[in-house]
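Here are my notes on this one, written as numbered points. Have the viewer open while you read.

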Amino acid sequence: MTQDMVATLRPLLAAEASAEAYASGAEQGDLEQAVWLRLLERLDTDGPPVDPQGWLRRAVRSEARRSRRTARIEQPYAADPADDDGAGPEQQAMTAARHRALYDAVRRLPGRCPSLLAALLSPKDLTYREIAGELGISQGSLGPERSRCLGCLRRLLTPEVAAGEPRG
């Protein structure tokens, strides 16, 4: 039944995600993967939706709204808060400690996250295609997986970052 549902919903999901992706600022593949994940979670807890097509349309729109909210909330820094140019020994030591903390946190992440983030942080500057090939996953799932891993990393580092001295 699940395979039939996936086969039936795949074209509709592609069309709906394509229609919503541009306005939400999200990638179509990211929206699709988020909706598939929501469907799997729903199947695990509540079983299949009564109206799969209606549920799918609502789920795509909900994910698109979430993506728009996230894009509005996240603001880039005006300047790099940790500019290391011309750094003296003290700044170099602090930068090295920050890098160690980052790599230690990456190693503590669950699942494929350590290898994925290590590839992204690699000085080789690998492309998504190269990283996907190295990890044995599809290139389309790399973005959503990267987002989940960065979310885990953010939650893991929050106590360490929050404990620092205020800037200014």
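1. Is Arg-57 buried, partly exposed or exposed? With a relative accessible area of 35%, Arg-57 falls in the partly exposed class. Keep in mind throughout that this is a predicted model. Arg-57 is a handy place to start, as its side chain meets that of Glu-16 in a salt bridge, at 3.5 Å from N to O. The two are 41 residues apart, with Glu-16 in helix H1 (residues 2-24) and Arg-57 in helix H3 (residues 52-73), so the bridge links distant parts of the chain. The Glu-16 end is the buried one, at 12% relative accessibility.

2. Now look at Glu-20 and Arg-61. They form a salt bridge as well, and their closest N and O atoms are 3.8 Å apart. Arg-61 sits in helix H3 and Glu-20 in helix H1, so this pair too ties together parts that are 41 residues apart in sequence. Arg-61 comes out as partly exposed at 33% relative accessibility. Glu-20, at 17%, counts as buried because the cut-off for that class is under 20%.

3. The third bridge to check is a local one. Asp-104 and Arg-107 pair through their side chains at 2.3 Å, N to O. Both belong to helix H4 (residues 89-107), and because they are three residues apart there, about one helical turn separates them. Asp-104 is partly exposed, with a relative accessible area of 34%, while Arg-107 is exposed at 55%. Going back to the H1 and H3 residues, salt bridges with shared partners join Glu-16, Glu-20, Arg-57 and Arg-61 into one network. For the whole structure, the search turns up seven salt bridges. As background, side chains of opposite charge can pair when their charged atoms come close.

4. Gln-53 gives another view of how H3 sits against the start of the chain. Gln-53 lies in helix H3 and is partly exposed, at 31% relative accessible area. Setting aside neighbours within four places in sequence, Gln-53 is in contact with Thr-8, Leu-9 and Leu-12. Thr-8 is 45 residues away along the chain, and its C-alpha atom is 9.1 Å from that of Gln-53.

5. What about H1 and its neighbour in sequence? The axes of H1 and helix H2 (residues 28-45) come within 8 Å and cross at roughly 140 degrees, so H1 counts as oblique to H2. The crossing is right-handed. On the H1 side, the contact residues include Met-5, Leu-9, Leu-13, Ala-17 and Ala-21; on the H2 side, Leu-31, Val-35, Trp-36, Leu-39 and Leu-43 are among them. Glu-20 also appears in this contact, besides its salt bridge with Arg-61. By class, the contact of H1 with H2 divides into 12 nonpolar, four polar and three charged residues.

6. The second helix pair worth a look is H4 with helix H5 (residues 113-121). They pack at an angle of about 145 degrees, and their axes are 8 Å apart. From H4 come Leu-102, Tyr-103, Val-106 and Arg-107, and they meet Pro-114, Leu-117, Ala-118 and Leu-121 of H5. That contact divides into seven nonpolar residues, no polar ones and one charged. Arg-107 takes part here as well as in the salt bridge with Asp-104.

7. One backbone detail to inspect is Asp-125. Its phi is near 55 degrees, a positive value in a residue other than glycine. Asp-125 is found in the loop between H5 and helix H6 (128-135), and its relative accessible area of 64% makes it exposed.

8. Finally, the overall picture. The protein has seven helices and zero strands, and the order from the N terminus on is α-α-α-α-α-α-α. Of its 168 residues, 29% count as buried. Among contacts with a separation of 6 or more, 58% are between residues 24 or more positions apart. The Glu-16 to Arg-57 bridge, whose partners are 41 residues apart, is a concrete example of a link between distant parts of the chain.

Definitions and conventions: Residues are numbered from 1 along each chain as its sequence is written. This is a predicted model: local features need pLDDT of at least 70, side-chain atom pairs count only at pLDDT 80 or more; totals for chains, interfaces and linings use all residues. Side-chain values use heavy atoms; hydrogens and water are left out. A salt bridge is a side-chain nitrogen of Lys or Arg within 4 Å of a carboxyl oxygen of Asp or Glu. Helices (H or I, at least four residues) and strands (E, at least two) are DSSP runs, numbered from the N terminus. Buried means under 20% relative accessible area, exposed over 50%, partly exposed in between (1.4 Å probe, protein chains only). Axes are lines fitted to C-alpha atoms, for helices over the stretch in contact, and angles run from 0 to 180 degrees between N-to-C directions. Angles under 35 degrees count as roughly parallel, over 145 as roughly antiparallel, 65 to 115 as roughly perpendicular and the rest as oblique. A crossing is left-handed if the near helix is turned anticlockwise from the far one by less than a right angle, and right-handed if clockwise. Contact means heavy atoms within 4.5 Å. Ala, Val, Leu, Ile, Met, Phe, Trp, Tyr, Cys and Pro count as nonpolar, Asp, Glu, Lys and Arg as charged, and the others, Gly among them, as polar.
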